[in-house]
Amino acid sequence: MPRYGMVIDLKRCVGCYACVMACKAENVTPANVFWNKVLVEEKGAYPNARLTFLPVLCNHCDNPPCETVCPTGATYRRPDGIVAVNQDKCMGCGYCVVACPYQQRTFNHKTAGYFPARGLTPLEEQGYKSHTRGTVTKCTLCVHRISQGRQPACVVACPARARIFGDLSDPGSEPSRLLGRRPAHRLLTGLNTGPAVYYIPE
């Protein structure tokens with residue numbers, strides 16, 4: 001059984017937001033709901049100031065706190081490591097939103113479009129069918145694409161190939177080989193959540 005995960009090379013990330021937009025387009029998430037984000041930080045001082053970028057998404061943890069606190073079993077971890085939400089079981093209590101130390105869950109208050117005065121666009125009408133109002137939503141690692149043998153949309157869209165997706169349990173996979181050659185870290189490892197997203201530092 002694979003263990004899906006991702007390696008993000010921060011040396012390659014240029015903060016273009018292609019991953020953010022590709023995720024929005026692929027998953028048609030409601031207005032102001034982002035499953036992929038890029039955190040921007042300014043470092044240094046003039047004339048040596050520069051921006052650094054940290055792309056973040058659900059870490060699809062080995063020990064996800066969001067699953068532990070879910071009272072209905074809506075949040076579950078698949079055998080391939082992907083942490084998913086069963087929208088039919090989610091009652092919108094929001095415990096998982098609070099429990100996620102990576103702040104990668106969003107409560108879907110409403111399914112308003114980006115142009116409320118004009119109603120939903122045809123894309124929004126179609127895409128919003130997969131987002132249940134009053135439930136919690138998060139990155140699925142594009143499981144629908146993976147099941148078709150394709151890469152997540154954020155990985156495909158990255159022009160710098162900063163995102164490498166694959167089976168972390170396969171020592172011959174591209175992310176495993178990359179982790180074998182380059183030092184990498186995960187976020188908040190002290191919490192023992194076992195994130196499946198690795199970062200190669202700048």
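**Exercise 1. The largest pocket**

Determine how the lining of the largest pocket divides by class.

*Solution.* Step 1: by class, this lining comprises 10 nonpolar, 10 polar and three charged residues. Ala, Val, Leu, Ile, Met, Phe, Trp, Tyr, Cys and Pro count as nonpolar, Asp, Glu, Lys and Arg as charged, and the others, Gly among them, as polar. The model is predicted, with residues numbered from 1 along each chain as its sequence is written; local features need pLDDT of at least 70, and side-chain atom pairs pLDDT 80 or more, whereas totals for chains, interfaces and linings use all residues. Side-chain values rest on heavy atoms, with hydrogens and water left out.

Step 2: a pocket is an open set of points on a 1 Å grid over the protein atoms alone where a 1.4 Å probe fits, with protein on both sides within 12 Å along at least five of seven lines; lining residues have an atom within 4 Å of a point. The volume, the space filled by probe spheres set on points joined across faces, edges and corners, is about 340 Å³ for the largest pocket.

Step 3: of the 23 lining residues, Trp 35, Val 85, Gln 87, Thr 140 and Val 143 are the closest to the centre of this pocket. Two or more lining residues come from each of α1, β5 (83–85) and β7 (136–138). These elements are DSSP runs numbered from the N terminus: helices (H or I) of at least four residues and strands (E) of at least two.

**Exercise 2. The second largest pocket**

Which element gives the most to the lining of the second largest pocket?

*Solution.* Step 1: the volume of the second largest pocket is about 190 Å³. Its lining includes Met 21, Lys 24, Val 28, Phe 34, Tyr 114, Glu 124 and Tyr 128. Step 2: the elements with two or more residues in this lining are α1 and α4 (122–127). Step 3: α1 gives the most, with three residues. By class, the lining has eight nonpolar, two polar and two charged residues.

**Exercise 3. Helix α1 and the residue after it**

Identify the buried residues of α1 and what covers them.

*Solution.* Step 1: buried means under 20% relative accessible area, exposed over 50%, and partly exposed in between, with a 1.4 Å probe and protein chains only. In α1, Cys 19, Val 20, Ala 22, Cys 23, Lys 24 and Asn 27 are buried. Step 2: their cover includes β2 (37–43), α5 (143–146), α6 and β8 (163–167). Step 3: Val 28, in the loop between α1 and β2, has a positive phi near 45°. Val 28 counts as buried because its relative accessibility is 10%.

**Exercise 4. Nonpolar cores**

Which residues have the most contacts inside the largest nonpolar core?

*Solution.* Step 1: a nonpolar core is a set of buried Ala, Val, Leu, Ile, Met, Phe, Trp, Tyr and Cys residues joined through side-chain atoms within 4.5 Å. The largest has 30 residues, and Met 6, Ile 8, Leu 57, Leu 141 and Tyr 199 have the most contacts inside it. Step 2: at least two residues of this core come from each of β1 (4–9), α1 (18–27), β3 (50–56), α6 (153–157) and β9 (197–200). Step 3: Ile 8 touches, among others, Pro 55, Leu 57, Ala 162 and Tyr 199, where contact means heavy atoms within 4.5 Å. Step 4: nonpolar side chains tend to be buried together in soluble globular proteins.

**Exercise 5. Two glutamines**

Is Gln 104 buried or exposed, and is Gln 148 buried or exposed?

*Solution.* Step 1: Gln 104, in the loop between α3 (95–99) and β6 (105–107), is buried because its relative accessible area is 8%. A polar atom of its side chain lies 2.9 Å from the backbone oxygen of Tyr 102. Residues that Gln 104 touches include Trp 35, Leu 57 and Thr 137. Step 2: Gln 148, in the loop between α5 and α6, is exposed because its relative accessible area is 53%. The side chains of Gln 148 and Arg 150 form a polar contact of 2.8 Å; such a contact is a pair of N or O atoms within 3.5 Å, one able to donate a hydrogen and the other to accept it, and residues adjacent in sequence count only if both atoms are side-chain atoms.

**Exercise 6. Backbone geometry**

Where does Pro 47 lie, and what is the phi of His 60?

*Solution.* Step 1: most residues other than glycine have a negative phi, and most peptide bonds are trans. Step 2: Pro 47 lies in the loop between β2 and β3, and the peptide bond from Tyr 46 to Pro 47 is cis, with omega near 10°. Step 3: His 60 has a positive phi of about 45° and is placed in the loop between β3 and α2 (65–69). With a relative accessible area of 2%, His 60 is buried.

Conventions
Lists of a residue's contacts leave out its neighbours within four places in sequence.
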